[in-house]
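Biologist: Thanks for sharing this one! I'd like a close look at a single part, and then at how that part fits into its surroundings.

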Amino acid sequence: MTVIAVIGSSNAAGVGASTYIRDPDQLTGWCSPGSSWVGLLAERYESSVRILNFSQSGMGSTWARRRILETPEISHSQAAVVCTNPILDYENLHIYYDNLSAIIELCREMNIYVVLRGAYSNNSYNRKQYEDMLRLNESINSMGHSVINHMACLSDDCGHYIGGKAYHIDGLHPSDAGHKVLFQACIDQKIIETILQNA
């Protein structure tokens, strides 16, 4: 069975999902909240993959890089989905790029297939931040790795959530409905199938 490590921040940890109690940890077996997008993927593909969720609320790219080095379970995975929120590194986006490149190299050395995800919907974006996030996503798309596009599925032309409050709980974290849309985007983009073909 293919083991997939998810390394992200609060969105990937499941914040906003009705089944979220706390971030995944060793005590929960690194399991995701059931109604989160990662949890829905784990349930959908339970016969072919095991998804371990190492995401932590507030985890930026520097923390994610350290997490990979300090967590033995990640080194035993065949694939990794790297999905920290770039806005956490917004004041120093060059650090985000540097860390992302270092994470990709670490995974290459461990023979781990990498899937990336960039920025996604956030009601606090101003125009410049949104444009910077779009440019960042374009850069991530050009890195030569599979990419989950979560910006397109829930964002208006300012990067804010569509649908009023239908898809989020606080302007940043998706509700169950929002998590379901993010899950469906992974299905439509055949993310797990791509991992299974390449890991």
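Where is Glu 193 found?

Modeller: Happy to walk you through it, and please keep in mind that this is a predicted model. Glu 193 sits in helix 9. With a relative accessible area of 28%, it is partly exposed, because that value falls between the 20% limit for buried and the 50% limit for exposed. Along the chain, 145 residues separate Glu 193 from Ser 48, yet in space their C-alpha atoms are 9.9 Å apart.

On the way into this helix there is a backbone detail worth a glance. Lys 190 belongs to the loop that joins helix 8 to helix 9. Its phi is positive, about 55°, although Lys 190 is not a glycine. As background, most residues other than glycine have a negative phi.

To place the helix, let's turn to the sheet. Its five strands form an open sheet in the order 2-1-3-4-5, and they pair in parallel fashion. Strand 2 (49–53) and strand 5 (146–148) are the edges, each pairing on one side only. On average, neighbouring strands in this sheet are turned by 25° against each other, ignoring direction. In general, strands of a sheet pair through backbone hydrogen bonds.

Strand 1 (residues 2–8) runs parallel to strand 3 (residues 79–83), and five bridges connect the pair. One of the partnerships to look for is Gly 8 with Cys 83, the latter in strand 3. Helix 9 (residues 191–198) packs on this sheet and touches strand 1, strand 2, strand 3, strand 4 and strand 5. Its direction makes an angle of about 160° with that of strand 4; this counts as roughly antiparallel, because it is over 145 degrees.

Now follow the sheet across to strand 4. Strand 3 and strand 4 are joined by four bridges, again in the parallel sense, and here Ala 80 stands opposite Val 114 of strand 4. Strand 4 is mostly covered, with five of its five residues buried. The cover is on both faces: Tyr 113, Val 115 and Arg 117 are buried on one side, and Val 114 and Leu 116 are buried on the other. That split echoes a general pattern, in which side chains of a regular strand alternate between the two faces of the sheet.

Val 81 is a good place to pause, and you will find it in strand 3. It counts as buried, because its relative accessibility is 5%. Apart from neighbours within four places in sequence, Val 81 is in contact with Ile 4, Ala 5, Val 6, Ile 7, Val 115, Ile 148 and Ile 195. Val 81 and Val 147 lie 66 residues apart in sequence, with 9.0 Å between their C-alpha atoms.

Helix 5 is another neighbour of the sheet. Spanning residues 93–109, helix 5 lies across strand 3 and strand 4 (113–117), and it runs at about 155° to strand 4. The axis of helix 3 (residues 61–70) comes within 9 Å of the axis of helix 5, and the two cross at roughly 20°. The two helices are therefore roughly parallel. Helix 3 passes helix 5 in a left-handed crossing. On the helix 3 side, the contact is made by Ser 61, Thr 62, Ala 64, Arg 65, Ile 68 and Leu 69; on the helix 5 side, by Ile 95, Tyr 96, Asn 99, Ala 102, Ile 103 and Leu 106.

After helix 5, the loop leading to strand 4 holds Asn 111. Like Lys 190, Asn 111 has a positive phi without being a glycine, and the value for Asn 111 is about 60°. Asn 111 counts as exposed, because its relative accessibility is 68%.

Finally, step back along the chain to helix 8, where His 179 is found. At 0% relative accessibility, His 179 is buried. The side chain of His 179 reaches the backbone oxygen of Pro 174 at 3.5 Å. Beyond its neighbours within four places in sequence, His 179 also has contacts that include Asn 11, Ser 35, Trp 37 and Leu 40.

So, to return to your starting point: Glu 193 is a partly exposed residue of helix 9, and helix 9 packs on the sheet.

Note on methods. Residues numbered from 1 in each chain as written. Predicted model: local features only at pLDDT ≥ 70, side-chain atom pairs only at ≥ 80, totals over all residues. Heavy atoms only, no water. Pairing = 2+ DSSP bridges. Axes fitted to C-alpha atoms, helices over the stretch in contact; angles between N-to-C directions. Contact = heavy atoms within 4.5 Å. Parallel < 35°, antiparallel > 145°, perpendicular 65-115°, else oblique. Left-handed = near helix turned anticlockwise from the far one by under 90°. Buried < 20%, exposed > 50% of the residue type's maximum accessible area, 1.4 Å probe, protein only. Polar contact = N/O pair within 3.5 Å; in protein donor to acceptor, adjacent residues only side chain to side chain.
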